Amino acid sequence: MARAEAVLAVDQGTTNTKAILIGADGAVLGAGAAPVGLSSPRPGWVEQDADDIWSSVLRAVEQAIAGADPVGLVGIALSTQRESVVGWSRGSGRSVTPVIGWQDVRASTWCSQLPAAVGKLVRSRTGLRVDAMFSAPKLNWLLSRLDPGDLHVGTMDSWLIHQLTGGREHLTEAGNASRTLLYDVVELGWSTELLDAFGVPRSVLPEVRASNAGFGTTAGVRGLPDGIPIVAVLGDSHAAMYGQGCRSAGLVKATYGTGSSVMTPVESFVPDGCTLAWLTERPVYALEGNIVSSGAALAWTAELLGLPDVGTLVELAATVPDAGGVTLVPAFAGLGAPHWDRNARAAITGMSTATTRANIARACVDAVAHQICDITDWIGATGVPLCRLRADGGATVSSLLMQTQADLLGFGVEVSDVAEISALGAAELAWTTLGQTTGWAEQRTTRVFEPTLDQSARRRQRAHWAGAVAAVQAPS
């Protein structure tokens, strides 16, 4: 009997790596996962170990293959965390820096001191704002401490491609490149002006390729045969949007991870909050807002309340009808989109002697949903009419959170039945590139949550949240 063909999809995220074997019909044939560590050597710094990340990939792949019937691997697809950066020796191929995580804010002060002209240039070429979350400020920090002569740098897709190909390739995918603040998303190339503005020499950067242009073949990878092509690469949030089937404006996806990405396709580039979702036959742009702390806020609150995990936190939150007037604004590392205030500080307000742990837990659940709404409100204000939200990520298992989200949005929320939506999206692009007809999103079942809150109550809650956010922001 012929072996089933499969694409090996690797989803390398902030806190874990998943490896999924996916057939041409979208069926999951095998899966594995491995955790990835985080460290915070100083307040506001977030680092990871590049070798630990690579080791997590190997462990996850080994689990996926060991737990599946024998398959014929026809290709590899990558979905990766985006703005995190690392440097390695072009001679030895070994990492020479820690991975500086996307959450890291060590370059915030430097960013705030850049001339206004740099901010205008960045927005006109990339659609993004100057912020420490993105790659270029982190690269500037690294390069000020290293000799670029023997250095290669890149985002996580570049590091994994380097490792998978036995060090032969120094490549990155266009959507990942678009998150660096160095890539012109209209001209589709590294921008000399942006490289100069951030002090990044072109010589250390990878070659940029389209999302399905091919990224070399495996060589010397434990557990994999040589010669397997890396067919498709996407940033994890972009892969989730692809996997959710969001191909037209109005459908918005939200990923509930450590942070959150809220994204909807648009017809053409706009110089504010726009990103390059993927590049195939043509560039596909999307409006995107990034939340710094969503799942991280749930985890922090669980620890604060002495609870064993986020699941227990959500169960506790569901025991009360509301937060009892308590509001939690999780600006632990400042506020991301649409506020972009890195000087904001987290706060819990509205407490009284009647406040319970359940009220605080509920306030945290509400905060995650409100932050998503802040971005959908901003997207709506640009003239894009939103009609449905397609949700993915670990926190979507909470019916309380998803119902709260629908209530505060005022329109329906569809939750995918596939937990590995980013991996699935990358695999779908790979299979499409290999000539298979997919359209998997329309074949899946979903949980649907429709709003039950009346419009006046929704407005009151949103206004109360807006007041709490304004209170934690630094005076302008």
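## Close-up views of a predicted model

**View 1. Val7 of strand E1 stands opposite Gly75 of strand E5.** The model shown here and in every later view is predicted. Strand E1 covers residues 4-12, and strand E5 covers residues 71-80. The two run parallel and are joined over nine bridges. In general, the strands of a sheet pair through backbone hydrogen bonds, in either the parallel or the antiparallel sense.

**View 2. E1 and E5 belong to an open sheet of five strands.** The strand order is E3-E2-E1-E5-E13, and the pairing is mixed. Strand E3 (28-35) forms one edge, and strand E13 (230-235) forms the other. Each edge strand pairs on one side only. From one strand to the next, the twist averages 20°. Helix H5, residues 156-164, packs on this sheet. H5 touches E1, E5 and E13. The direction of H5 makes about 150° with that of E5.

**View 3. Helix H13 lies across four strands: E1, E2, E5 and E13.** The helix is made of residues 421-433. Strand E2 spans 16-22. H13 runs at about 135° to E1.

**View 4. Strand E15 is largely enclosed by the rest of the structure, because seven of its seven residues are buried.** The strand covers residues 260-266. Ser260, Val262, Thr264 and Val266 point one way from E15. Ser261, Met263 and Pro265 point the other way. Residues on both sides are buried.

**View 5. E15 pairs with strand E14 and with strand E17.** Strand E14 is residues 251-256. Four bridges join E14 to E15, and the two run antiparallel. They form a hairpin, with three residues between them. Thr255 has Ser261 in E15 as its bridge partner. Strand E17 is residues 283-291. E15 and E17 also pair in the antiparallel sense, over seven bridges. Here Val266 stands opposite Tyr285 of E17.

**View 6. Trp88 and Trp159 form one of the eight aromatic pairs in the structure.** Their ring centres are 5.3 Å apart. The planes meet at 55°, so the pair is tilted. Trp88 lies in strand E6 (residues 85-89), and Trp159 lies in helix H5. The pair therefore ties together parts that are 71 residues apart in sequence. Are these two residues, Trp88 and Trp159, buried or exposed? Both Trp88 and Trp159 are buried.

**View 7. The rings of Trp110 and Phe198 form a tilted pair.** The ring centres lie 6.0 Å apart, with the planes at 45°. Trp110 is in helix H2 (residues 108-112), and Phe198 is in helix H7 (residues 192-198). The pair links distant parts of the chain, 88 residues apart. Trp110 is partly exposed, with a relative accessible area of 28%. Phe198 has 0% relative accessibility, so Phe198 counts as buried.

**View 8. The charged end of Arg106 sits over the ring of Trp45 and over the ring of Trp141.** From the ring centre of Trp45, the charged end is 3.7 Å away. From the ring centre of Trp141, it is 4.4 Å away.

**View 9. Trp340 sits in the loop between strand E18 and strand E19.** Strand E18 spans 327-329, and strand E19 spans 347-349. The relative accessibility of Trp340 is 23%, so Trp340 counts as partly exposed. Which residues does Trp340 contact, leaving aside its neighbours within four places in sequence? They are Arg129, Asp131, Met133, Phe134 and Leu335. Trp340 and Ser124 are 216 residues apart in sequence. In space they are 18 Å apart, C-alpha to C-alpha.

**View 10. The UniProt record, an unreviewed entry, annotates residues 7-243 and residues 253-431 as domains.** For residues 7-243, the annotation reads "Carbohydrate kinase FGGY N-terminal". This span is 30% helix and 26% strand. Its end C-alpha atoms are 15 Å apart. For residues 253-431, the annotation reads "Carbohydrate kinase FGGY C-terminal". That span is 36% helix and 23% strand. Its end C-alpha atoms lie 22 Å apart.

Definitions and conventions. Residues are numbered from 1 along each chain as its sequence is written. This is a predicted model: local features need pLDDT of at least 70, side-chain atom pairs count only at pLDDT 80 or more; totals for chains, interfaces and linings use all residues. Side-chain values use heavy atoms; hydrogens and water are left out. Two strands pair if DSSP finds at least two bridges between them. Axes are lines fitted to C-alpha atoms, for helices over the stretch in contact, and angles run from 0 to 180 degrees between N-to-C directions. Contact means heavy atoms within 4.5 Å. Buried means under 20% relative accessible area, exposed over 50%, partly exposed in between (1.4 Å probe, protein chains only). Rings of Phe, Tyr and Trp (its six-membered ring) pair if their centres lie within 6.5 Å; planes under 30 degrees apart count as stacked, over 60 as edge-to-face and the rest as tilted. A charge sits over a ring if NZ of Lys or CZ of Arg is within 6 Å of the ring centre and within 35 degrees of the ring normal. UniProt positions are given in the numbering used here, feature names are shortened, and annotations may be inferred rather than shown by experiment.
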